[in-house]
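Please read the following briefing alongside the sequence and the coordinates. The topics are a ligand shell, a sheet and the helices that accompany them.

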Amino acid sequence: MIAVKDLHSYYGKSHILHGVSFELKEGELVSLLGRNGVGKSTTLKSLMGMVRPAEGSILFDGQELAGRRSHEIARLGIGYVPEERRIFRSLSVEENLLIGCKRSVDASREPWTLERVYETFPRLRERRGNKGIHLSGGEQQMLTVARTLMGNPRLILVDEPTEGLAPLIVTGVLEMLANVRRSGVTVLMVEQNFKAAVKLADRFYIMAKGQMVFEGDMAALLAAEEVRKNFLEV
Ligand SMILES: Nc1ncnc2c1ncn2[C@@H]1O[C@H](COP(=O)(O)OP(=O)(O)OP(=O)(O)O)[C@@H](O)[C@H]1O
Ligand SMILES: [Mg+2]
């Protein structure tokens, strides 16, 4: 579905991504792991056109994304959930969801509606009239993901969805992402929390200093003790 090849990105003169390459197949849930500051968020921002890659290629269904603007990339079917949860705090859950609503780019897929969101995430139905400001951290995260789904993406990029949440809430957020994948949306999830990621990802990539240093499934990751010791917080 998406093939990223030899991506280089900068902030001003700081060279952050040094030739990042990876791929996702349709329907996969893949986790991108790595320590603080290695370039995970920059990778997602480069895919979304929020950071303009200086070199390299991002093919999404054969179309080149590098050099395109964020809104165009979103329109092609990629949703982005940034690290800081961006909900409208003075609006209700339902109003937040309606703001995310966009027509589906792909007529062969069932579009997301309020009803479908509430069926998939019953907690949001219970809270539909509550203002964003009154939601817990976990509910805010769920709302951010659900609002992104209302844009009918085929792929969503989720940056550290479990950050700052209590362990019980983390379980709820992971279940929600498993539901998203089950609904047919491909998921790329950035995580620092290895224990969270390992529960639901099909495959893993690990980044260090702006490059991929590992790719493999759970068995490979569990076997790669040195890699985990050197490149993850465990
Ligand atoms: N807007 C910016 N301007 C300049 N440098 C930045 C900017 N954003 C990030 N950086 C730097 O780029 C590097 C990679 O940052 P990035 O946010 O991609 O890391 P990360 O892997 O997502 O880390 P974390 O786990 O802390 O979220 C870091 O050294 C960071 O300080
Ligand atoms: Mg980050």
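The notes below take the ligand shell, then the sheet, then the helices.

This is a predicted model, and what follows should be read with that in mind. Its sheet is open and has six strands with mixed pairing, and helix α1 both packs on that sheet and gives the most to the shell around ligand 1.

**Shell around ligand 1**

- The residues that surround ligand 1 are Y11, S14, I16, G34, N36, G37, V38, G39, K40, S41, T42 and Q192.
- Two elements, strand β2 (14-24) and helix α1 (40-47), each supply at least two residues of this shell, and the largest contribution is that of α1, with three residues.
- Sorted by class, the shell around ligand 1 holds eight polar residues, three nonpolar residues and one charged residue.

**The six-stranded sheet**

- Read across the open sheet, the strand order is β6-β7-β8-β3-β9-β10, and the pairing is mixed.
- The edges are formed by β6 (78-81) and β10 (211-216), each of which pairs on one side only, while neighbouring strands of the sheet are turned against each other by 20° on average, with direction ignored.
- Within this order, strand β3 (residues 29-33) pairs with strand β9 (residues 203-208) in the parallel sense over four bridges, and S31 stands opposite F204 in β9.

**Helices on the sheet**

- Helix α1 packs on the sheet and touches β3, β6, β7 (155-159), β8 (186-191) and β9, with a direction that makes about 150° with that of β7.
- Helix α7 (residues 167-182) lies across β3, β7 and β8, and runs at about 155° to β8.

**The pair of helices α6 and α7**

- The axes of helix α6 (residues 137-149) and helix α7 come within 9 Å of each other and cross at roughly 15°; because angles under 35 degrees count as roughly parallel, α6 is roughly parallel to α7.
- The crossing in which α6 passes α7 is right-handed.
- On the α6 side the contact involves G137, G138, Q141, M142, V145 and L149, which meet I169, G172, V173, M176 and V180 in α7.
- By class, the residues of this contact between α6 and α7 divide into seven nonpolar and four polar, with no charged residue among them.

Technical notes: Residues numbered from 1 in each chain as written. Chains lettered and ligands numbered in written order. Predicted model: local features only at pLDDT ≥ 70, side-chain atom pairs only at ≥ 80, totals over all residues. Near = placed C-beta within 6 Å. Nonpolar A, V, L, I, M, F, W, Y, C, P; charged D, E, K, R; others polar. Pairing = 2+ DSSP bridges. Axes fitted to C-alpha atoms, helices over the stretch in contact; angles between N-to-C directions. Contact = placed C-beta atoms within 7 Å. Parallel < 35°, antiparallel > 145°, perpendicular 65-115°, else oblique. Left-handed = near helix turned anticlockwise from the far one by under 90°.
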